[in-house]
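Q: I am new to reading protein structures. Could you walk me through one, feature by feature?
A: Happily; let us look at it together.

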Amino acid sequence: MSEATAPPAPANIVEFRQVTKRFGTMTVIRDVTFCVPDLPQKGEFIAILGPSGCGKSTVLRLIAGLRPHHPPTEGTVLIAGGNVGPPGSDRSMVFQDYTSFDNRTVEDNVAFGLECRGVSARERRERAREWIAKVGLDVDRDARKYPGELSGGMRQRVAIARTLILSPRIILMDEPFGALDPTTRLHMQELLVQLWKEAQATVFFVTHSIEEAVYLGDRVYVFSSAPGTILREMAVPPPDRPPKDMQRDPAFLEYVYEIRDLMDTLMSSTRAGDD
Ligand SMILES: Nc1ncnc2c1ncn2[C@@H]1O[C@H](COP(=O)(O)OP(=O)(O)OP(=O)(O)O)[C@@H](O)[C@H]1O
Ligand SMILES: [Mg+2]
């Protein structure tokens, strides 16, 4: 193939160029720079770790285009090579707290985005029910329940269905499993990996669990304490087994220990700096 006909290099799906965000005199993130390539038929899974208050949610909200974090004070955020548009279904966010509508049933919550898009009632119902099953809920038993009647794990399944039904290119997840018990959490990780492989989207996943980050991520970004900046970017093995098996593997644990040591050093140097 001649050079002239070679396919162009894939654009970056998300790019931060020296992004700084200040609220008043407080600098929340400083000079954050990274590139996530648009991998066709795959999408990357980026896990974000960092101490509380270092600006992880700020980074997600800048990608989503949500104010007041958007726009940055300095630097540039690019989505697929262009400026960040208004929040839209090309970028969907799943929050830590349960964000379903309390007055809508599971089915109507899952179908909400389709309703906004003007999809017919019949098609909405069909697709919502398909997604309810995909996230491991029981259509007959759960579709007509209200969020108040569900456990935390079930609510996060609804949140995931509500997001993925819209086939977003970028999925932003802010500590979605933080409130779940350890066993449910592992099940949710496994489910997410399976759905992500199908969705072929780019995922940004914020967590405080190093094991979760190493398990889910293709890459892990470790942020410094505030003002947050990327301290370390690490490629980690992709999840090819259920988390319970993979997390026993000595090679897996090596990554976990390395990141834990890095974060310990970071926290103790921050404390020393505070004195
Ligand atoms: N709307 C806002 N106005 C002013 N300051 C804000 C605003 N949103 C966030 N901040 C500040 O920015 C800093 C970073 O907040 P952010 O929520 O991004 O942290 P985080 O890394 O997600 O923390 P956590 O792990 O606790 O969720 C904090 O000091 C916070 O108080
Ligand atoms: Mg946060």
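**Two domains and how they meet**

A: In this model, 13 residues of domain 1 are in contact with 13 residues of domain 2, where contact means that two C-beta atoms, placed from the backbone, lie within 7 Å. It is a predicted model, in which local features need pLDDT of at least 70, side-chain atom pairs count only at pLDDT 80 or more, and totals for chains, interfaces and linings use all residues. Residues are numbered from 1 along each chain as its sequence is written, while chains are lettered from A and ligands numbered from 1 in the order in which they are written.

Q: Which helix gives the most to the side of domain 1 that touches domain 2?
A: Helices (H or I, at least four residues) and strands (E, at least two) are DSSP runs, numbered from the N terminus. Here helix H7 (residues 182–199) gives the most, with six residues. By class, that side of domain 1 has eleven nonpolar, two polar and no charged residues. Nonpolar covers Ala, Val, Leu, Ile, Met, Phe, Trp, Tyr, Cys and Pro; charged covers Asp, Glu, Lys and Arg; the others, Gly among them, are polar.

Q: Where do the domains run along the protein chain?
A: Domain bounds come from an automatic or database domain assignment. For this chain it gives domain 1 as 3–90 + 168–274 and domain 2 as 98–167. Their C-alpha centres lie 26 Å apart.

Q: How many residues of H6 are buried?
A: A residue is buried if 20 or more other C-beta atoms, placed from the backbone, lie within 10 Å of its own, exposed if 12 or fewer, and partly exposed in between. Eleven of the 13 residues of H6 are buried, so this helix is largely enclosed by the rest of the structure. Among them are Met154, Val158 and Leu164. Their cover includes helix H4 (121–134), strand S7 (170–174) and H7.

Q: Is methionine 26 buried or exposed?
A: Methionine 26 is exposed, because 9 other C-beta atoms lie within 10 Å. This residue is found in strand S2 (residues 26–37).

Q: Which residues are around ligand 1?
A: A residue counts as near a molecule if its C-beta atom, placed from the backbone, lies within 6 Å of it. Around ligand 1 are Phe23, Val28, Gly50, Ser52, Gly53, Cys54, Gly55, Lys56, Ser57, Thr58, Pro68 and Ala226. This shell divides into five nonpolar, six polar and one charged residue. Helix H1 (residues 56–64) gives the most to the shell, with three residues.
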